[in-house]
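Biologist: I would ask for a close look at a single part of this model, the open sheet and the strand enclosed within it. Please then relate what you find to the surroundings of the ligand.

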Amino acid sequence: MSLLTVQGLGKSFGGNRAVDGIGFSVAKGELLALIGPNGAGKSTTFNMVNGQLRPDAGSILLEGQELIGLKPREIWKRGVGRTFQIAETFSSLTVVENVQMALLSADAKLFSLWRRAADHRRDEAMALLSQVGMAAQAERPCSVLAYGDVKRVELAIAMANGPKLLLMDEPTAGMAPKERNELMSLTKRLVVDRGLAVLFTEHSMDVVFAHADRLIVLARGRLIAEGTASEIRDHPKVQEVYFGSGKTFEKKVPA
Ligand code: ADP
Ligand code: MG
């Protein structure tokens with residue numbers, strides 16, 4: 001049974017149909033990529049699932065329960081997580097403190113309790129950091145970390161309230177190819193180990209084809225294709241919409 005089931009989802013901005021009646025599902029233990037050209041409606045879709053935007057039409061079911069109409073925090077409590085960039089204000093905290101903050105927030109404790117709660121769920125924070133390969137850097141301030149390592153910590157933070165579904169909108173933006181692949185391998189490991197479901201967007205086709213279990217393709221708010229990497233790679237409609245006719249995914253910028 002699918003964890004998330006989206007049906008007939010629509011959202012317009014003025015006369016612009018940003019998302020035009022799409023449907024898809026995400027299963028437990030699945031890493032699903034949402035791809036498509038700029039302006040296709042990917043972020044709008046994410047923001048409807050996490051409750052930031054209210055859809056005009058359709059339904060979004062998490063384990064059969066309707067999410068539309070719930071506040072973002074309520075949706076988060078039900079198990080839909082998302083990655084956030086570590087805020088400037090928290091970058092002076094150490095890696096492990098940032099994860100402890102996220103655990104505090106998951107417990108709905110107040111930020112003002114932070115000082116008294118300095119040991120709060122430290123073991124759990126360390127366990128999360130181990131999962132993302134960041135335990136050794138736990139005591140360093142986030143501000144001194146390499147970019148790829150910050151992204152690992154952001155992933156640990158997103159895992160703090162034990163989400164069932166994790167939404168990642170362009171998680172590897174600004175990363176070098178090697179770091180992109182590492183972050184997605186790590187994400188895939190979490191998907192397998194924890195039975196997590198992940199919906200992510202990504203620009204690099206190499207990364208998508210290498211790591212996603214399945215892909216859905218949006219163009220101008222419509223879902224134009226769905227399938228495995230090889231099915232999508234050979235899909236004429238995808239090649240046409242994504243790259244213009246005649247081009248294929250294999251064609252890169254000439255040397
Ligand atoms: P993607 O993430 O695939 O690049 P978006 O979901 O951001 O696409 O945007 C889809 C379409 O909706 C675009 O035409 C964009 O200009 C428009 N759009 C997105 N957000 C807003 C908004 N808040 N107000 C008006 N138009 C928006
Ligand atoms: Mg976007």
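Modeller: A residue is called buried here if its relative accessible area is under 20%. The model is predicted, and the description that follows rests on that prediction.

By this criterion, five of the five residues of strand β3 (residues 31-35) are buried, so β3 is largely enclosed by the rest of the structure. The side chains divide between two directions: L31, A33 and I35 point one way from β3, whereas L32 and L34 point the other way, and all are buried.

Strand β3 belongs to an open sheet of six strands, with mixed pairing and the order β6-β7-β8-β3-β9-β10. The edges of this sheet are formed by β6 (80-82) and β10 (222-227), each of which pairs on one side only. On average, and with direction ignored, neighbouring strands of the sheet are turned by 20 degrees against each other.

In general, the strands of a sheet pair through backbone hydrogen bonds, in either a parallel or an antiparallel sense. For β3, the pairing with strand β8 (residues 197-200) is parallel and extends over three bridges. Within that pairing, L32 stands opposite L199 of β8. Strand β3 is also joined to strand β9 (residues 214-219) by four bridges, and these two strands likewise run parallel. There, I35 has V217 of β9 as its bridge partner. At the edge of the sheet, β6 and strand β7 (residues 165-168) run parallel and are joined by three bridges; R82 stands opposite L167 in β7.

I turn now to the ligand. The residues around ligand 1 are F13, N16, A18, P37, N38, G39, A40, G41, K42, S43 and T44. By class, this shell comprises four nonpolar, six polar and one charged residues. Both β2 (16-27) and α1 (42-49) supply at least two residues of the shell, and α1 gives the most, with three residues.

Several polar atoms of the protein lie at short listed distances from oxygen atoms of ligand 1. A polar side-chain atom of T44 lies 2.6 Å from an oxygen atom of the ligand. From the backbone, an N or O atom of G39 lies 2.8 Å from an oxygen atom of ligand 1, and for a backbone N or O atom of A40 the corresponding distance is 3.2 Å. Taken alone, ligand 1 exposes 560 Å², of which the protein buries 58%.

Technical notes. Residues are numbered from 1 along each chain as its sequence is written. Chains are lettered from A and ligands numbered from 1 in the order in which they are written. This is a predicted model: local features need pLDDT of at least 70, side-chain atom pairs count only at pLDDT 80 or more; totals for chains, interfaces and linings use all residues. Side-chain values use heavy atoms; hydrogens and water are left out. A residue is near a molecule or strand if one of its heavy atoms lies within 4 Å of it. A polar contact is a pair of N or O atoms within 3.5 Å; within protein, one must be able to donate a hydrogen and the other to accept it, and residues adjacent in sequence count only if both atoms are side-chain atoms. Accessible areas come from the Shrake-Rupley method with a 1.4 Å probe; for residues, only the protein chains shown count as cover. Ala, Val, Leu, Ile, Met, Phe, Trp, Tyr, Cys and Pro count as nonpolar, Asp, Glu, Lys and Arg as charged, and the others, Gly among them, as polar. Two strands pair if DSSP finds at least two bridges between them. Axes are lines fitted to C-alpha atoms, for helices over the stretch in contact, and angles run from 0 to 180 degrees between N-to-C directions. Buried means under 20% relative accessible area, exposed over 50%, partly exposed in between (1.4 Å probe, protein chains only).
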